[in-house]
Amino acid sequence: MSEIDCEQVLQLVWQFLDGEVEEVRYREIEAHLAECANCEGRVSFERRLRTLIETKCQEGPVPVELKRRLFKFLEG
Amino acid sequence: MAAPQPRTTPQDDRERFQALVEEHLNGLFGAALRLTRNRTRAEDLLQETFLRAWRSFRTFQPGTNARAWLYKILMNAYIDSYRKTAREPEVVDHDDVDEFYLYTKVQESEDFRRAGNPEEEVLARLMDADVKGALDSLPESFRQVVILSDIEGFSYQEIADILSIPIGTVMSRLHRGRRQLQGKLWEYAKRAHYVNAADSPPARSGPR
Ligand SMILES: [Zn+2]
């Protein structure tokens, strides 16, 4: 098992949160975070920020009238 | 409908298309709103996307990624439309801004530290309009990848396919886009903090 240090973890944070690191890497990072409060604090902040951005940018459903108009094109 | 047992009838096509699009229509409309920042233009974009998708529906391979196929059409229609009306603002990269810009700023800030739990404080202070405003302030090419990743949840590879750019470009735009986004969020958070904290300097008039 290769060890991973703080610097490496912090470099991979966004890829880690994006689910874009390999399985082995992913577990190494998780193991590091379980033991390192400094990295864990940063990662959990980034994770919450990401959720906040996603939530605050959600829009309501497509207007019924627009949807009706679109599907009407298919009848032509 | 005289032809006996055709592989697909126009009616079948319509129904399959309708079912496929219906599943993604709310998501596409939300993305159209974020991209255009304008309800009328978002409706036009959604309509253009819908019509293009319908025209090329026969080239869509059942079983492949329908959502990514639809978003690719949406992005192409969007890029075609904004190229006509707008110019890409100059890309200014804030190299001094790191991945943890917001976190670092909050930790360093006396004002936020006084609040007890600075991380909690900054996240609570950010309003819908701040986040949308920060996102809207990004250069176009960064904004597109941030929307596709952080709001629409596409993978790097899917975004590369949707925008027809290399995956390395996706990663670097996403990286730079997120850094700028954090810089902007910090501006908004600071301002909101001053507005709400009685013992702090009064709010300066901001960019919005
Ligand atoms: Zn660490």
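**Exercise 1: the metal site**

Find out which atoms coordinate the zinc ion, and at what distances.

*Solution.* Start at the ion and look for its partners. The zinc ion is held by A:Cys6 (SG), A:His32 (NE2), A:Cys36 (SG) and A:Cys39 (SG), at 2.1 to 2.4 Å. Keep in mind that this is a predicted model, so every number here is computed from predicted positions.

Next, read the donors along the chain: their spacing is C-x25-H-x3-C-x2-C.

Now for the geometry. The angles that the four donor atoms subtend around the zinc ion run from 106 to 113 degrees. To count as tetrahedral, four donors need all angles between 85 and 135 degrees. The zinc site passes, so the arrangement is tetrahedral.

**Exercise 2: the surroundings of the donors**

Decide whether A:His32 is buried or exposed, and do the same for A:Cys36.

*Solution.* You need one cut-off: buried means under 20% relative accessible area. A:His32 has 13%, so it is buried. A:Cys36 comes out at 14%, so it counts as buried too.

What about A:Cys39? Look at helix α4 of chain A, residues 37-56. A:Cys39 is among the buried residues of this helix, and others on that list include A:Val43, A:Phe45 and A:Leu49. The helix has 20 residues and reaches 28 Å from its first C-alpha to its last, close to the 28 Å expected at 1.5 Å a residue.

**Exercise 3: an overview of chain B**

Describe the make-up of chain B: how many helices and how many strands does it have?

*Solution.* Count the elements: chain B has 10 helices and zero strands. Going from the N terminus, the order is therefore simply α-α-α-α-α-α-α-α-α-α.

Then look at how the chain is packed. Of the 208 residues in chain B, 47% are buried. Among contacts with a separation of 6 or more, 68% link residues 24 or more positions apart. The accessible surface is about 10800 Å², with 48% of that belonging to carbon and sulfur atoms.

Finally, split the chain up. Domain 1 of chain B covers 12-85 and domain 2 covers 101-191. Their C-alpha centres are 25 Å apart. The two domains do touch: 14 residues of domain 1 are in contact with 16 residues of domain 2.

**Exercise 4: helix α8 of chain B**

Check whether the end-to-end distance of helix α8 of chain B agrees or disagrees with its residue count, and work out how many of its residues are buried.

*Solution.* Step one is length. Helix α8 takes in residues 140-151, which is 12 residues. At 1.5 Å a residue these should span 16 Å; the end C-alpha atoms are 15 Å apart, which agrees.

Step two is cover. In α8(B), 12 of 12 residues are buried. That list even includes B:Glu140, B:Arg143 and B:Asp150, alongside B:Phe142, B:Val145 and B:Leu148.

Step three is to pick one residue and see what is around it. B:Gln144 lies in this helix and has a relative accessible area of 4%, so it is buried. Leaving out residues up to four places away in sequence, B:Gln144 touches B:Leu35, B:Met75, B:Tyr78, B:Ile79, B:Tyr82 and B:Leu163.

Step four is what comes after. The helix is followed by B:Gly153, whose phi is positive, near 75 degrees.

**Exercise 5: the residue just before α8**

Work out where B:Leu138 sits and which residues it touches.

*Solution.* B:Leu138 is in the loop between α7 (128-136) and α8 of chain B. Its relative accessibility is 4%, so B:Leu138 counts as buried. Setting aside residues up to four places away in sequence, B:Leu138 touches B:Arg143, B:Val146, B:Gly177, B:Gln180 and B:Leu181. Compare that with B:Asp150: B:Leu138 and B:Asp150 are 12 residues apart in sequence and 14 Å apart in space, C-alpha to C-alpha.

**Exercise 6: two positive phi angles**

Locate B:Arg37 and B:Ser164, then say how exposed B:Arg37 and B:Ser164 are.

*Solution.* Take B:Arg37. It is found in the loop between α1 (10-36) and α2 (39-55) of chain B. It isn't a glycine, yet its phi is positive, about 60 degrees. At 42% relative accessibility, B:Arg37 is partly exposed.

Now B:Ser164, in the loop between α9 (156-163) and α10 (167-196) of chain B. B:Ser164 is not a glycine either, and has a positive phi of about 50 degrees. With 55% relative accessibility, B:Ser164 counts as exposed.

Key: Residues are numbered from 1 along each chain as its sequence is written. Chains are lettered from A and ligands numbered from 1 in the order in which they are written. This is a predicted model: local features need pLDDT of at least 70, side-chain atom pairs count only at pLDDT 80 or more; totals for chains, interfaces and linings use all residues. Side-chain values use heavy atoms; hydrogens and water are left out. Helices (H or I, at least four residues) and strands (E, at least two) are DSSP runs, numbered from the N terminus. Buried means under 20% relative accessible area, exposed over 50%, partly exposed in between (1.4 Å probe, protein chains only). Contact means heavy atoms within 4.5 Å. Accessible areas come from the Shrake-Rupley method with a 1.4 Å probe; for residues, only the protein chains shown count as cover. Donors are N, O and S atoms within 2.8 Å of the metal (3.2 Å for Na, K and Ca); water is not among the atoms, so sites may look incomplete. Four donors count as tetrahedral if all angles lie between 85 and 135 degrees; four count as square planar and six as octahedral if opposite donors are over 155 degrees apart and all others between 65 and 115; anything else is irregular. The expected span of a helix is 1.5 Å times one less than its number of residues. Domain bounds come from an automatic or database domain assignment.
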